[in-house]
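Subject: Structure for you to look over

Dear colleague,

I am passing on the structure we spoke about, and below it you will find my notes on what came out of the analysis. Please read them with the model open beside you.

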Amino acid sequence: MSVASEAPTASPNTSPTVGQASGLARRYALALLELAKEKKEIDRIAADLDRLFALWREDAAFRSFVGDPRLDAGAQRRGAFAILERVGITGEVRNLLGVLITNRRLGHLAEVISAFGALLAEQRGQQTADVATAHPLTDVQRTQLTARLVEAGYSNVKLVERVDPSLLGGLVVRIGSRLFDSSIKSKLQRMQYAMKGAA
């Protein structure tokens with residue numbers, strides 16, 4: 001998928017909840033943010049979460065591990081903590097994973113990280129762009145998308161990403177009250193409506 005070749009177009013027929021964190025993810029993220037503020041370690045914890053999210057985006061085996069509901073808590077804990085140790089993530093983020101595993105919520109990891117980013121951006125006065133894609137964005141696509149948003153008049157934007165395989169391809173971006181939908185799913189839906197109208 002090339003972000004540069006896909007100019008976002010506004011779509012009126014997409015759900016307003018696309019890209020927004022669930023209440024569950026937001027609760028975990030808020031608890032971690034409050035702890036980070038209390039310890040005056042917001043930047044370090046945010047950096048650890050960014051590194052963990054980069055690992056989730058770039059490593060298919062890690063994504064499969066996180067999303068595998070067949071693993072018991074012991075296997076999840078051993079695997080997750082070994083990975084965190086390998087990449088040098090400790091402290092509060094390690095504890096967060098422990099709590100997610102204990103509560104059988106490890107599959108929500110990416111959503112919790114995204115919710116943390118959105119909450120932090122909100123507190124820092126940044127605009128957030130909720131970005132849903134069928135596959136994780138690459139660094140190049142992320143840079144291209146940010147540049148396109150700046151061109152469209154959105155500065156100081158924090159991307160909050162999530163993967164939604166049902167989109168098939170393309171992306172859906174929500175920033176403020178604006179929604180841009182260039183997903184293959186929506187294009188197919190529009191084609192289907194057009195064909196029904198022509199019949």
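V131 stands opposite V173, a residue of strand β3, and this pair belongs to a longer match, since β1 and β3 (residues 171-175) are paired in the antiparallel sense over five bridges. Please keep in mind throughout that this is a predicted model. Strand β1, which covers residues 127-133, also pairs with β2 (residues 157-163), but here the two strands run parallel and are joined by seven bridges; one of the partnerships is that of Q127 with V157 in β2. Together with helix α7 (residues 139-151), the strands β1 and β2 form a β-α-β unit that is right-handed. Strand β1 is itself mostly covered, with five of its seven residues buried.

For orientation in the chain as a whole, there are eight helices and four strands, and their order along the sequence is α-α-α-α-α-α-β-α-β-β-β-α. Of the 199 residues in the protein chain, 43% count as buried, while the accessible surface amounts to about 10500 Å², with 55% of it belonging to carbon and sulfur atoms. Where contacts link residues at least 6 apart in sequence, 74% of them join residues that are at least 24 apart.

The nonpolar interior is the next point. The largest nonpolar core has 36 residues, and those with the most contacts inside it are L49, L52, F62, L97, L109 and F116. Two or more residues of this core come from each of the helices α1 (23-39), α2, α3 (60-67), α4 (73-87), α5 (91-102) and α6 (109-123), and it is α6 that gives the most, with eight residues. A second core, separate from this one, has 12 residues, and includes A129, V131, Y154 and V173, so that the V131 and V173 pair with which I began, facing each other across β1 and β3, is found again in this second core. Returning to F62, if one leaves aside its neighbours within four places in sequence, its contacts are L52, L55, W56, I83 and L109.

Helix α2 deserves a closer look. It runs over residues 42-58, and at 1.5 Å a residue its 17 residues should span 24 Å; the C-alpha atoms at its two ends are 24 Å apart, and the model therefore agrees with the expected value. The buried residues of this helix are I45, A46, D48, L49, L52, F53, A54, L55, W56 and R57, a list that contains polar as well as nonpolar names, D48 and R57 among them.

Which residues does I45 touch, once its neighbours within four places in sequence are left aside? They are L32, A36, E92, V93 and F116. I45 lies in α2 and counts as buried because its relative accessible area is 0%, which is under the 20% cut-off. Its C-alpha atom is 9.7 Å from that of L35, a residue 10 places away in sequence.

In helix α8 (residues 184-198), S186 is likewise buried, with a relative accessible area of 5%. The C-alpha atoms of S186 and G170 are separated by 9.5 Å, and the two residues are 16 apart along the chain.

Finally, two loop residues have backbone angles that you may wish to view for yourself. R104, in the loop between α5 and α6, has a positive phi of about 60 degrees although it is not a glycine. L168, in the loop between β2 and β3, also has a positive phi, near 75 degrees, and it too is a residue other than glycine. Are these residues buried, exposed or partly exposed? R104 is partly exposed, because its relative accessible area of 43% falls between the cut-offs of 20% and 50%, and L168, with a relative accessible area of 49%, is partly exposed as well.

With kind regards

Definitions and conventions: Residues numbered from 1 in each chain as written. Predicted model: local features only at pLDDT ≥ 70, side-chain atom pairs only at ≥ 80, totals over all residues. Heavy atoms only, no water. Expected span 1.5 Å × (residues − 1). Buried < 20%, exposed > 50% of the residue type's maximum accessible area, 1.4 Å probe, protein only. Pairing = 2+ DSSP bridges. Right-handed = clockwise from strand over helix to strand, strands pointing away. Core = buried A, V, L, I, M, F, W, Y, C linked by side-chain atoms within 4.5 Å. Contact = heavy atoms within 4.5 Å. Areas by Shrake-Rupley, 256 points an atom, 1.4 Å probe, with all protein chains shown as cover.
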